[in-house]
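Work through these exercises with the structure open beside you. Try each task before you read its solution.

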Amino acid sequence: MNHSSAGLVIWDVDGTLIPADLRWLTRAIARAYGIAQSEVVFPDNKVHGYTDESIAVDTAIASGVDPSAAEAGIPAFRQAIAAVMQEGRQELAEVQPPYPGAAASIAELHDGGFIQTVLTGNLRSAAAVKLNVAGLDEFLDLRIGGFGSDARDRFQLPAVVAQRYSAVYGEPLDPDRVIVLGDAPNDIACARHAGFRVAVVAHRIGRRELVSYEPDLILDSLDPTAVVAAVSSLLSAGGSPAAR
């Protein structure tokens, strides 16, 4: 890690920085596969924490689309989600404002010398719009982010981040200097797979359930002071997982 950086903070987007909302996927899937929005059926337990393309294929199949046609429709889905997000910018600002403390947490981490980016199941086009509309993109280095458009399997995205980090900053990414901030079990599993530390915020899932997935730390909200303290503690020399 560059000596000028205190560490790398990787943010999840939906459910962590902004509330999750399936309306955009619903509209894009309906448009891409030529079905009514009312006929879009999301599969159980395979939505939150997964990548948009995998959700699109599984949802199309659950909605009655032939599996081969579901896969063939992915190029149309990519175009549809980009269009839907652009068309819905005003609505997005109204229905998915950033969680309290999100912008301040990002700003204070930036002031503390941390590099920040995202790892998200969103396609890059969708993530860029969400973060821009929410006013959260100023201090996030999206050049090194991992997006659902980079890999269908979320577990492959940490390697994408590492590769891009090395290309941009000119040195290998040290897993011991990386923390993921998410909100879901898949965020925890993905971070563990990559050897990163992980803290989760209890926006959607209760603390008691989150404890069972063994993150390093659980936050009740994105209080900037608590976020900076948690990140600094977990990435400090000799830091150990915080008590849950």
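## Exercise 1: A residue and its contacts

This is a predicted model. Asp14 is in contact with Pro19, Ala20, His48, Gln96, Asn122, Lys130 and Asp183, leaving aside its neighbours within four places in sequence.

**Task.** Find where Asp14 lies, decide whether Asp14 is buried or exposed, and describe its side-chain polar contacts.

**Solution.**
1. Start with the place. Asp14 sits in the loop between β1 (7–11) and α1 (23–33).
2. Now the accessibility. The cut-off for buried is under 20% relative accessible area. Asp14 has 15% relative accessibility, so Asp14 counts as buried.
3. Look at the side chains. A polar contact of 2.7 Å links Asp14 to Asn122. Another polar contact, of 3.0 Å, links Asp14 to Lys130.
4. Go back to the contact list. Asn122 and Lys130 both appear among the residues that Asp14 contacts.

## Exercise 2: Two strands

**Task.** Which strands hold Ala199 and Gly182, and which residues does each of the two touch?

**Solution.**
1. Place both residues. Ala199 belongs to strand β4 (residues 197–201). Gly182 belongs to strand β3 (residues 178–182).
2. Check burial. Ala199 has a relative accessible area of 1%, so Ala199 is buried. Gly182 has 2% relative accessibility, so Gly182 counts as buried too.
3. List the contacts of Ala199, not counting residues up to four places away in sequence. They are Ile179, Val180, Leu181, Gly182, Leu217 and Leu234.
4. Do the same for Gly182, leaving aside neighbours within four places in sequence. The contacts are Asp12, Thr16, Asp187, Ala199, Val200 and Val201.
5. Compare the lists. Gly182 is on the list of Ala199, and Ala199 is on the list of Gly182.
6. Add distances. Ala199 and Leu181 are 18 residues apart along the chain, and their C-alpha atoms are separated by 5.1 Å. Gly182 and Thr120 are 62 residues apart along the chain, with 9.6 Å between their C-alpha atoms.

## Exercise 3: A helix residue and a loop residue

**Task.** Is Ala189 buried, partly exposed or exposed, and what is the sign of phi in Glu214?

**Solution.**
1. Ala189 is in helix α9 (residues 185–194).
2. Partly exposed lies between the cut-offs of 20% and 50%. Ala189 has 30% relative accessibility, so Ala189 counts as partly exposed.
3. Check a distance. The C-alpha atoms of Ala189 and Leu25 are 24 Å apart, and their positions lie 164 residues apart along the chain as a separation.
4. Turn to Glu214, in the loop between α10 (207–211) and β5 (217–219). Its phi is near 60 degrees, a positive value.
5. Set that against the general pattern. Most residues other than glycine have a negative phi.

## Exercise 4: The whole protein

**Task.** Why does the radius of gyration agree with that of a compact globule?

**Solution.**
1. Count the elements. The protein has 11 helices and five strands.
2. Use the chain length. With 244 residues, a compact globule would have a radius of gyration near 18 Å. The protein has 18 Å, so the two agree.
3. Add the spans. The C-alpha trace covers about 55 × 40 × 35 Å along its principal axes.
4. Check burial. Of the 244 residues, 49% count as buried.
5. Look at the contacts. Among those between residues at least 6 apart in sequence, 67% join residues at least 24 apart.
6. Finish with the surface. About 10,300 Å² is exposed, and carbon and sulfur atoms supply 50% of it.

Notes. Residues numbered from 1 in each chain as written. Predicted model: local features only at pLDDT ≥ 70, side-chain atom pairs only at ≥ 80, totals over all residues. Heavy atoms only, no water. Helix = DSSP H or I, 4+ residues; strand = E, 2+ residues; numbered from the N terminus. Rg over C-alpha atoms; globule rule 2.2 N^0.38 Å. Buried < 20%, exposed > 50% of the residue type's maximum accessible area, 1.4 Å probe, protein only. Contact = heavy atoms within 4.5 Å. Areas by Shrake-Rupley, 256 points an atom, 1.4 Å probe, with all protein chains shown as cover. Polar contact = N/O pair within 3.5 Å; in protein donor to acceptor, adjacent residues only side chain to side chain.
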